[in-house]
There are 4 protein chains.
Amino acid sequence: MVVILEKNATQQQIEDVIKHLEDYGFQVHTSIGVERTVIGAIGVQPNFDTRKISILDGVAEVYRVTTPYKLASRSFHEENTLIKIKDVEIGGNQVAIIAGPCSIESEEQIFRLAKIVADSGVKILRGGAFKPRTSPYAFQGLGEEGLKLMRDAADEYNLLMITEVMQIEHIELIDRYTDIFQLGARNMQNFSLLKELGKTEKPVMLKRGIAATIEEWLMSAEYILSGGNKNVFLCERGIRTFENYTRNTFDLSAIPVVHKKSHLPVVADPSHATGLRDQVPPMARAAVAAGADGIMIEIHDDPDHALSDGPQALLPNTFLKLIDELKLIAHAIGRKL
Amino acid sequence: MVVILEKNATQQQIEDVIKHLEDYGFQVHTSIGVERTVIGAIGVQPNFDTRKISILDGVAEVYRVTTPYKLASRSFHEENTLIKIKDVEIGGNQVAIIAGPCSIESEEQIFRLAKIVADSGVKILRGGAFKPRTSPYAFQGLGEEGLKLMRDAADEYNLLMITEVMQIEHIELIDRYTDIFQLGARNMQNFSLLKELGKTEKPVMLKRGIAATIEEWLMSAEYILSGGNKNVFLCERGIRTFENYTRNTFDLSAIPVVHKKSHLPVVADPSHATGLRDQVPPMARAAVAAGADGIMIEIHDDPDHALSDGPQALLPNTFLKLIDELKLIAHAIGRKL
Amino acid sequence: MVVILEKNATQQQIEDVIKHLEDYGFQVHTSIGVERTVIGAIGVQPNFDTRKISILDGVAEVYRVTTPYKLASRSFHEENTLIKIKDVEIGGNQVAIIAGPCSIESEEQIFRLAKIVADSGVKILRGGAFKPRTSPYAFQGLGEEGLKLMRDAADEYNLLMITEVMQIEHIELIDRYTDIFQLGARNMQNFSLLKELGKTEKPVMLKRGIAATIEEWLMSAEYILSGGNKNVFLCERGIRTFENYTRNTFDLSAIPVVHKKSHLPVVADPSHATGLRDQVPPMARAAVAAGADGIMIEIHDDPDHALSDGPQALLPNTFLKLIDELKLIAHAIGRKL
Amino acid sequence: MVVILEKNATQQQIEDVIKHLEDYGFQVHTSIGVERTVIGAIGVQPNFDTRKISILDGVAEVYRVTTPYKLASRSFHEENTLIKIKDVEIGGNQVAIIAGPCSIESEEQIFRLAKIVADSGVKILRGGAFKPRTSPYAFQGLGEEGLKLMRDAADEYNLLMITEVMQIEHIELIDRYTDIFQLGARNMQNFSLLKELGKTEKPVMLKRGIAATIEEWLMSAEYILSGGNKNVFLCERGIRTFENYTRNTFDLSAIPVVHKKSHLPVVADPSHATGLRDQVPPMARAAVAAGADGIMIEIHDDPDHALSDGPQALLPNTFLKLIDELKLIAHAIGRKL
């Protein structure tokens, strides 16, 4: 931690700041410049609340030197994390595609869509059985029945499955069916749920909260990692800004930033980021070009009657065309798909 | 719902839109203007996903006519909701004050602070036993032991208590001790938890999420109300913006807006909104002047050693001086405190 | 400037950073901690682009120690700036009120409104002759004719006048009529205009840009101050956030922050911040309670036919009632109005 | 315009709303639904301030049916605008690249960089002679001397040039040298300057303001178009959000949105959007993949000593490698570069 004193800080104030730092257990190094005194403080836990010092009289600014996360940081673990699930890898040279409907709606629907996914060469099927909905009156998902249908469809077409977990009580249930847990944007700081997922062994895809900084997102990953589960990958899905033509603003810069700060893979979800079908293909292409380790896309063969998020689902033909474009773009940057 | 067609929409497109609306169960009224066709669609559930129509060819804009919440709206319930807990009222002419430490830290601490709160005339004691912390390495609260200590302190000084619930499994436990449940900002869209709180009977204070619109906040209140619990009040605690001198941006305009759109009381939390002790008194005064039905303030008599959020806690003397100022401001706008 | 090296920075990288700093003219002090090397760099202009260092290999973080503004800072000028114009003071114990229409529309209109302002005891009349409008098709103001009418109305009722300047070519013209220049939010970073206003002598009210940080706002004040004009006061008028029920989000915390960081007075404009008449009185009250040195309020006696911003103008009766409430609130915090 | 009445609006209120609408010159069509009355109002200027109606008693919501811009809209002009300058086209199938330094610093510098640009096959040279700087103490550009040097360098290497205009007084001067005017983000709503640029004939590149909605951006284009200059293209360069790891958040979704709403070409500036050199290549690739009609990139062969924005400038080798990648990506989506 580095503490910058006010230009006109008194000797008494400087001593008081040093005393506080020492009482909190820091080793203190003081440099007296022409205009300002700067204090370096070394040796305490990374998550020390720096406001404890910034509130003291005579203090101008306080900076934390270390990142508040450790296990998630690139400096702790230099090599990229590579997540392997059967014959699928996330975080390697290949760009992983995840596709499927927003919600599992019926046996016919999930089997039809699983077939489309498998025929396109994609290996991971998405679908929600427990749905987080803004309105209490909206379709809330099929629950366990949905999980069963999705597992059967995935097995039939030799696909992996990923589905969302919304509460601790459902972890055990969902664990019996899924290959990958999805933690949704609204639960990114549901710390109780993060801790419990840290005790599981299956990969967890952690979506970024709509108002989460990259640092907070990595702190939430730290919750899972510190519980013992090392198979975490991130998913950028748009942040909330003043621009409201699109549902969210897709923060693609987060992809190279995460790759710099962390060793965890990061995928992108253009369907939720934009919320409108015609925006999905250009933004999926942009995400691959920006270096995403994977893309998650919602599809539906009858979006008019989808029980949730139909307007952002791609039709099968558009989806197949997009997969072809993504292959060319992956190739252009030296990756494959 | 009102659907505006593109200026150059074809007859075919207009008919297709009408067919979709009728298939979704709407009654349709079409007005053909000089430049545009406008379609009114009446008769479906308030949470219909309007993007289902906006995605259709030839559609320029779609507007929902009704609010997506009902029980929380002023048009459903014209009178202000008045929450009564023993001899305390929230939502009436009196401005309710809630004060106490961020976390319950020890028996001595909570008793000392409860005494300060009671001596100031304030009637509701706050304190956290289960703490949502960004870092997995930070103090997570005393758990049930904290609840017991806080209940004893509240009883000793004849105070009501409010404490935060973070997960469904804790509701029953916390219900044995608390008078009011607090639902924190990070859990504002933890829909599973909202539903369970709808089944309880005690008042719930619902904090606004840092990136929640006022509409989404009222939708979350709707989850609790629709479960049967009518004792909900709201708490504005700052939203996330580009300005980062303060921890959050305190959105005081939300207070008159909530009073216009809803019948639910709304209190304000300047401690979390600003994050810095010296900002709390001016912002507490501003919140009362803006019409808040209550103010929640964090206090500590030894903030340097507080286990969480010490830098935003008021010292007892500043707190007492602030209470006097708030009385004058409440009086200036025809309320009391 | 303080430079934090990466945990695993090589000796080579550290030396390269030091060489860069020395080449830029800094005096360098290096502290080698257990985990990290920290370099203090002293002695260059406050606006050094710190990214020049943060881009170097091995660098984790770079912090500027000094504020990038100087003349506007409290540490440069400890006493509050008090602006005196005839018998009116801005920045002292008295809360200054500025009131009038959005635009000057006609001789009758500005005289009628000037009379209402004067009768209420308010001493500064606002009104726009050159209007910044989002649409090229909207009313753009009466120009010089408006300035003349407003000057006559102000003189008739013994009021000071404030009006907006939008371009350099108009400074001389407006200077012949006005007592105070207003620089609008959209021009807060029109640096050419700021420089020219620095050469004038009359007070300048500098409105905050809708996306300006407090630091950028003070940097724009620095442009005027460094030109030689010391009579600058600031005006908070709302920032742009994701919440769009109100036109902008009124950032009242900016008031105590400005008072801490700077010696310049700061007033608040609830009319533009909220954009809706019924929000103005509670937010005006809140601004006085938060410590604003003044309040600017738009009024109109026929808002239905106002040529601009009628919906946010207070009717005369509401305005008079508000002035009475503001007096009580000013009194509650030891000020007068 | 569509006006939705409150559920419990009285007959008196409804009549009052209709009277207001008629007084403003609207033709009124009223539909009385089961729950609500909806009024369609046809026939007034597109920029009518809808708040004039939303403020009336009994009104729930008001929606503008038409866009507030006309000349910039796709519905007014269905074909893409194609801007031709000598043998260069912007807005066609080819992706235009603009490259050069942030500022013109010296004769040697601009000639060296112009050669690098020309050798790479790029045809448009950028460089600033008048610089908008946050600090009054920062390098403000070489002025006319810079324009001359840049024109000579452009001519020597057979390049077009683009440079920024910051104030009306400079238009005539800059017009003598440049091929394209650049209007910077901070001046996007400098309406006086927009109007004057509408009277010129040369193409104008209009950068998006950091807090401008897409609608406001198109409204600013409307100012130029309505002045008679049809050669306008847009430039997305990042918006301000809560995320501050990157200088701005690059809103790539704006590209397909602009293409849908408007006929104007839109280019992207990853250098200013990210502010850090290592973010520029992935974001440039993403912008081409998203469909940008051009990319503007800052380069420098000695960025350590650049007088402005060195940290975001690409080194020549990285730039050449990037051009090759962009060609492949353009090809992948059926365009060329």
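# Briefing: chain contacts, symmetry and a buried glycine

In this predicted model, 40 residues of chain A are in contact with 40 residues of chain B. The elements of chain A that give two or more residues to the side touching chain B are α2 (51-54), α6 (191-197) and α7 (214-226). The points below take up this contact, the confidence of the model, the domains of chain A, the relation of chain D to chain A, and the residue B:G127.

**The side of chain A that touches chain B**

- With five residues, α7(A) provides the largest share of the side of chain A that touches chain B.
- By residue character, this side of chain A divides into 15 nonpolar, 14 polar and eleven charged residues.

**Confidence of the model**

- Chain A has a mean pLDDT of 91, and 97% of the residues of chain A reach 70 or more.
- For the model, the ipTM is 0.88 and the pTM is 0.88.

**Domains of chain A**

- The domain assignment divides chain A into domain 1, which covers residues 2-63, and domain 2, which covers residues 83-332.
- Taken over C-alpha atoms, the centres of domain 1 of chain A and domain 2 of chain A are separated by 44 Å.

**Relation of chain D to chain A**

- A turn of 180°, with a shift of 0.0 Å along the axis, lays chain D on chain A with an RMSD of 0.0 Å.
- This is therefore the relation of a two-fold axis.
- Within chain D, the C-alpha nearest the axis belongs to D:A286 and lies 2.0 Å from the axis.
- Both copies use the same surface, since 100% of the contact residues of chain D recur in chain A.

**The surroundings of B:G127**

- B:G127 is placed in the loop between β8 (124-126) and α4 (144-156) of chain B.
- There are 31 other C-beta atoms within 10 Å of B:G127; a residue counts as buried at 20 or more, so B:G127 is buried.
- When neighbours within four places in sequence are left aside, B:G127 is in contact with B:G100, B:P101, B:S103, B:I104, B:I110, B:M150 and B:T163.
- One of these contacts, B:M150, has a number that falls within the range of α4 (144-156) of chain B.
- B:E108 stands 19 residues from B:G127 along the chain, and the C-alpha atoms of B:E108 and B:G127 are separated by 14 Å.

Key:
Residues are numbered from 1 along each chain as its sequence is written. Chains are lettered from A and ligands numbered from 1 in the order in which they are written. This is a predicted model: local features need pLDDT of at least 70, side-chain atom pairs count only at pLDDT 80 or more; totals for chains, interfaces and linings use all residues. pLDDT is the predictor's confidence in each residue, from 0 to 100. Domain bounds come from an automatic or database domain assignment. Two residues are in contact if their C-beta atoms, placed from the backbone, lie within 7 Å. Helices (H or I, at least four residues) and strands (E, at least two) are DSSP runs, numbered from the N terminus. Ala, Val, Leu, Ile, Met, Phe, Trp, Tyr, Cys and Pro count as nonpolar, Asp, Glu, Lys and Arg as charged, and the others, Gly among them, as polar. Copies are superposed by least squares on the C-alpha atoms of residues with pLDDT of at least 70 in both. A residue is buried if 20 or more other C-beta atoms lie within 10 Å of its own, exposed if 12 or fewer, and partly exposed in between; C-beta atoms are placed from the backbone.
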